[in-house]
Amino acid sequence: MREGYSGGVAAGDRVKFNVGGKLFETTITTLRSGGPDSLLSALSNRGAKDPVFIDRDPEIFSILLSVLRSNRLPSVAKRFSDQELIDEGIYFGIDSLLRSALAPTRLHGVDASLFTTVNASSDGIVSDFDADGADGSLAVAHGGQISMYDWNLGRTGTLRTHLDFISLVKRIRPTVTAVGSRFASGLHFYDTANGRRVHSTEWVDPKDVRIYKARVHAIAHWEDSIFASYDCQHGENCILAIDKSTMRVSSEIGRMLGNSSKSMVPSKLAYSSELGLLIGSSISAGAFGFSGYIRLWDVRSGKVVWETNEPGSGRSSRFGDSLADVDVDLDQSLLFKICSKSGDLAMADLRKLNDDPWIYLIEKNPSMAKSGSLDGGNMVINCYRKQVFVGRQRELEVWSRAEGDENGVFPREEMYRRNYIDKVEDSERGMIKKIQSAGDRIFVTREATEGIEVWQTSCDSGLILL
């Protein structure tokens, strides 16, 4: 008998149940696989010969037994909603095991398909969202409200903020979410459990009266710090480092005048804890095309350690092919950009930056070799699990790390392979606005389209056919 269990039955003995009038017979080992604190584990110690009667749904109980035996869902589970299964799992005390079985399989963009669409409860156009990196739970901004969704995409609540419109939302802790607006000043923190605003951080400078009513444009955070970029109405901007424990400003980074494309407020921030670097970027589009910069700061000194401005930096053959979007693969310490005219995807090693660090990925598939150029069209990128997801106007594609490449030269032009994710009918839903991946899911919003698309690898790979 396993340590920690009591009772006069052996682990191989059988136990009978009468669940909702249907008889079941299973082993003690199966029942105890749900953990010592589960109801089924407790019932396994009774040692009674007569069936134990449980007034619950027998069909779902059969599914739960399959999960206990194999940690996978049988195909008949499709007949029930996830919430119905979760409710029964909670009753029997095996919800953590069921959660593991319900979770998406590891995300492979090549095999991903549209799973569902998350719709906000009101003000259906999503202004911004943030997905938790661990479990894929969501904070969704719509109008002046925030709706929260759990790991299973079930809505857990909606709170109204003091803002009329939220432009930016970021989950700082499981129950604390930060919001900002391009129409109102400050970064505001809300406790999503009780719906209250717990703190606000404004950018102020007692020595400069022009620094007031500064709006927030980007947020990044780590275990003990929050980084937020602010700009004032006259364009001057900076990044504030905020201590998570006290919510006080600990330092000011990268103050700029904001009078040119090279000194605009960062619209995207990422933090590499491994390198101690804060990565900021800003991109603008005008009559003469795209322009912008990527800038890296050492967070300890607040000094710029590397930057590139486009157009104007890098190799002459790429002049005029400015960046359209930027993202960082923090796990591999790789910086990615997508070019506005050619549509080419390029990467740079954050540990080996120089005047021209870019390696432009080669497309070896002849059928896709000429499909990248959009000559200034809207493009966005997102890095996740050694994959780069690219939105080219209405189309969604993935660049995946080539199998068996781990021992090759790093990085190099042929490290990634390109494939489409969506179908023609998917692209008809509108222009892709934002992509974020978390919890083995891809979340996509489109211009003037309600809801958030949720893409994941087919769940059929996690089902047992009966």
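Biologist: What makes cysteine 238 buried?

Modeller: Buried means under 20% relative accessible area (exposed is over 50%, partly exposed lies in between; 1.4 Å probe, protein chains only). Cysteine 238 comes out at 0%, so buried it is. The relative accessible area of cysteine 339 is also 0%, so that residue gets the label too. Across the protein chain, buried residues make up 51% of the 466 residues.

Biologist: And what sort of model are we looking at?

Modeller: A predicted one: local features need pLDDT of at least 70, side-chain atom pairs count only at pLDDT 80 or more, and totals for chains, interfaces and linings use all residues. Residues are numbered from 1 along each chain as its sequence is written, and side-chain values use heavy atoms, leaving out hydrogens and water.

Biologist: Back to the cysteines. How many disulfides does a search of the whole structure find?

Modeller: Zero. A disulfide is a covalent bond between the sulfur atoms of two cysteines, and the test here is a pair of cysteine sulfur atoms within 2.5 Å. For cysteine 238, the nearest cysteine sulfur belongs to cysteine 232 and is 8.0 Å away. Set against that cut-off, cysteine 238 is in no disulfide.

Biologist: Which residues does alanine 228 touch?

Modeller: Cys238 is one of them, along with Leu187, Val216, Ala218, Ile239, Leu240 and Leu269, not counting residues up to four places away in sequence. Contact means heavy atoms within 4.5 Å. Alanine 228 sits in strand β15 (residues 225-231), and its relative accessible area is 0%, so it is buried as well. From alanine 228 to arginine 215 the C-alpha to C-alpha gap is 9.8 Å, with their places 13 residues apart in sequence.

Biologist: How many helices and strands does the protein chain have?

Modeller: Six helices and 33 strands. Both are DSSP runs numbered from the N terminus: helices are H or I with at least four residues, strands are E with at least two.

Biologist: Why are α4 and α5 called roughly antiparallel?

Modeller: Two packed helices are described by the angle between their axes and the distance between the axes. The axes are lines fitted to C-alpha atoms, for helices over the stretch in contact, and angles run from 0 to 180 degrees between N-to-C directions. Under 35 degrees counts as roughly parallel, over 145 as roughly antiparallel, 65 to 115 as roughly perpendicular, and the rest as oblique. α4 and α5 pack at about 155°, with their axes 8 Å apart. They are therefore roughly antiparallel. The contact is made by Asp82, Leu85, Ile86, Gly89 and Ile90 of α4 and Asp95, Leu98 and Leu102 of α5.

Biologist: What angle do α3 and α4 make?

Modeller: Helix α3 (residues 58-70) and helix α4 (residues 82-92) cross at roughly 75°, their axes coming within 10 Å. That puts α3 roughly perpendicular to α4. Ile60, Phe61, Ile63 and Leu64 of α3 meet Glu84, Leu85, Glu88, Gly89 and Phe92 of α4.

Biologist: And how do α3 and α5 cross?

Modeller: At roughly 80°, with the axes of α3 and helix α5 (residues 95-102) within 10 Å. So α3 is roughly perpendicular to α5. Leu64, Val67 and Leu68 of α3 contact Leu97, Leu98 and Ala101 of α5. By class, that contact has six nonpolar, no polar and no charged residues. Ala, Val, Leu, Ile, Met, Phe, Trp, Tyr, Cys and Pro count as nonpolar, Asp, Glu, Lys and Arg as charged, and the others, Gly among them, as polar.

Biologist: On to the strands. What makes strand β20 largely enclosed by the rest of the structure?

Modeller: Nine of the 10 residues of β20 (residues 289-298) are buried, so the label follows.

Biologist: How many bridges join β19 to β20?

Modeller: 10, with strand β19 (residues 277-286) running antiparallel to β20. Two strands pair if DSSP finds at least two bridges between them, so this count qualifies. Leucine 277 has aspartate 298 as its bridge partner in β20, and a hairpin through two residues joins β19 to β20. Strand β21 (residues 304-310) pairs with β20 in the antiparallel sense over six bridges. In the hairpin of β20 and β21, with five residues between the strands, glycine 302 takes a positive phi near 75°.

Biologist: Why does each of β5 and β30 have one side without a neighbour in the sheet?

Modeller: They belong to an open sheet of four strands, ordered β5-β32-β31-β30, with antiparallel pairing. β5 (112-118) and β30 (432-438) stand at its edges, each with a single partner strand, so one side of each is left without a neighbour.
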